[in-house]
Amino acid sequence: MEIEILTCGDSALTLQVGDRIDPQVAARVRALCRALGQIPGLELVPTYCGVTVHYDPLVRDDAEVRALVRLKAGEAGAEGEASPEYFELPVCYGGELGPDLPQLAAHCGLSEREVVDIHSGGQYLIYMLGFTPGFPYMGGMDKRIAMPRLETPRAHIPWGSVGIAGEQTGVYPSVSPGGWRLIGRTPLRLFDPKAGRTLLRAGMLLRFRPISRAEYDALAGGDRP
Amino acid sequence: MIEIVSKGLLTTVQDMGRRGHQPSGVPVCGAMDWQALAAANILAGNPMDEAALEITGLGPELVFHEANIFAVSGGDFDMSLDGAPIAVGRAYVAPRGARLKIGAARAGFRACLAFCGGLDIPVVLGSRSTCLTAGFGGHEGRPLAAGDRIGFRAPQTWLPALERRAWAYPLAQKARVRAVPGPQDAAFSPEGMATFFSGVYTITAESNRMGYRTAGPEIAYKPGCGPNIISDGIAPGAVQVPNGRPIILMADRQTVGGYTKIATVITADLPVVAQLKPGDSLTFEPAEVAPAQAAYRAAVRRLRSLAFELDAAGPEW
């Protein structure tokens with residue numbers, strides 16, 4: 001596989017395999033990660049168009065890392081991927097948990113039901129995690145349910161909130177301020193530091209499964225922000 | 001155990017950072033000044049990467065509920081133990097009930113306060129560092145406050161060569177920071193690169209553990225290029241230019257970002273940056289990777305020699 005190596009100081013390199021956000025480039029990124037994963041001592045961060053490789057200069061030097069990544073990239077095939085990894089995220093849409101759903105539906109000239117059907121009918125490729133622990137950068141949202149973000153962001157968005165901002169949809173893993181239009185909420189913790197667990201990964205295909213408020217409460221258990 | 005009496009400006013539990021979780025969007029965090037952490041730990045008889053308290057600007061006051069050895073390294077902070085002045089850069093024994101007061105820094109901005117045997121702080125995702133932005137790790141995911149108590153894992157009142165456990169931290173007189181061009185150096189014009197490597201940049205008040213914002217001469221892009229890129233990964237010391245001026249990204253930086261990065265500060269000079277405070281100025285010098293890595297290894301070797309010399313000490317006569 002062709003890679004362009006960009007120098008990120010004395011403890012990292014970025015390997016670029018494309019120049020746009022699309023599923024084909026994402027597939028190359030995944031293939032490159034699989035190949036580089038065979039090299040011990042590297043921390044690999046997949047991003048939209050490449051992989052940033054972090055290493056310890058006390059253990060390996062620049063020349064060695066460049067030689068190893070070139071070797072593994074050369075062996076990496078762009079195809080050869082097993083079936084995609086799906087992840088189904090239960091979401092309770094609307095009501096108290098999706099306060100912006102009515103305005104978004106009105107803005108898009110759809111009923112709330114139609115917005116939920118469109119949003120939960122899609123599958124979303126996770127390109128990378130970042131911004132905050134566990135937060136997925138996803139593509140593939142239907143433009144019919146797009147709406148610009150709030151002009152004045154909320155100071156406090158509950159964790160697990162599912163929202164839309166422009167043509168992007170996302171899920172907030174933790175409480176934070178934000179300008180997304182909130183249409184629902186998942187009871188699952190995307191990031192749980194005490195359990196040492198992040199639910200999502202780059203390369204997964206995410207689907208949203210509508211659930212009732214009763215099922216939300218049952219899955220959330222005593223887990224409240 | 002220590003108890004915080006007064007919290008100082010920003011005091012957090014930090015070790016050398018959280019590795020292996022950046023793919024999940026978890027920032028590395030850890031000490032802003034790795035050299036100060038390593039040195040304080042060596043003087044206190046610990047492995048270099050043991051968790052310590054990172055002190056910023058104005059230090060905390062704390063009480064020792066158990067005797068232990070401690071040491072501070074980094075900026076030149078005004079300190080006293082039970083009212084008697086003590087110095088940064090050497091190990092001391094604090095008896096039970098002793099009061100340690102760390103005031104303002106006469107030079108530098110940050111220091112690490114290490115305790116022999118380390119702190120009783122849970123390891124979360126492989127590290128004891130505090131992730132302030134996501135609110136986890138360290139002591140309850142937040143800065144220390146008055147009334148907080150933290151236990152010692154293995155306190156001691158004796159170490160080999162106690163009287164010789166001292167090291168003068170090399171505070172830079174002039175902040176000249178070496179940086180390797182890239183990853184998006186190609187987006188800048190030759191004039192822009194020249195401005196970056198010759199301009200004097202002043203740290204602004206909008207600076208914190210995520211990064212240092214600066215004021216100074218505007219850096220020009222190549223025609224047709226601008227500050228936005230498709231988000232990619234971010235190395236420690238990466239210098240982003242979202243708006244004509246450099247922002248140096250530090251310990252709590254996000255793992256990915258969408259602005260052009262003109263250069264990356266070398267690991268050996270991250271401690272120089274960490275000792276800067278708002279109002280201070282710096283200049284950047286071009287560097288290449290191989291000499292940068294050599295400089296880092298040399299600095300670590302000096303610290304390892306210090307550790308060996310202190311801890312391998314035989315009986316004194």
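Colleague: How many bridges join strand β1 of chain A to strand β2 of chain A?
Modeller: This is a predicted model. In chain A, β1 covers residues 4–7 and β2 covers residues 12–16, and the two run antiparallel. One facing pair is Thr7(A) with Leu13(A) in β2(A). The number of bridges joining β1 to β2 is 4.

Colleague: Which residue takes a positive phi in the hairpin of β1(A) and β2(A)?
Modeller: The hairpin has 4 residues between the strands. The positive phi is near 75°, and the residue that takes it is Gly9(A).

Colleague: In what order do the 7 strands of chain B close into a barrel?
Modeller: The pairing in this barrel is mixed. From one strand to the next, the twist averages 40°. The order is β10-β17-β14-β15-β12-β11-β18.

Colleague: Which residue of β18(B) stands opposite Tyr201(B)?
Modeller: Strand β11 of chain B (residues 201–203) pairs with β18 of chain B (residues 281–286) over 2 bridges, in the antiparallel sense. Facing Tyr201(B) in β18(B) is Leu282(B).

Colleague: Which element gives the largest share of the lining of the largest pocket?
Modeller: The largest pocket holds about 950 Å³ of space. Of its 38 lining residues, the closest to the centre are Met16(B), Gly17(B), Arg19(B), Trp34(B) and Tyr296(B). Two or more lining residues come from each of α1 (34–43) and α4 (289–311) of chain B. The largest share, 4 residues, is given by α4(B).

Colleague: How many residues of the lining of the largest pocket are nonpolar?
Modeller: The lining divides into three classes. Polar residues number 9 and charged residues 9, while the nonpolar count is 20.

Technical notes
Residues are numbered from 1 along each chain as its sequence is written. Chains are lettered from A and ligands numbered from 1 in the order in which they are written. This is a predicted model: local features need pLDDT of at least 70, side-chain atom pairs count only at pLDDT 80 or more; totals for chains, interfaces and linings use all residues. Side-chain values use heavy atoms; hydrogens and water are left out. Two strands pair if DSSP finds at least two bridges between them. Axes are lines fitted to C-alpha atoms, for helices over the stretch in contact, and angles run from 0 to 180 degrees between N-to-C directions. On a 1 Å grid over the protein atoms alone, a cavity is a set of points where a 1.4 Å probe fits but cannot get out, and a pocket is an open set with protein on both sides within 12 Å along at least five of seven lines; lining residues have an atom within 4 Å of a point. Grid points are joined across faces, edges and corners, and a volume is the space filled by probe spheres set on the points. Ala, Val, Leu, Ile, Met, Phe, Trp, Tyr, Cys and Pro count as nonpolar, Asp, Glu, Lys and Arg as charged, and the others, Gly among them, as polar.
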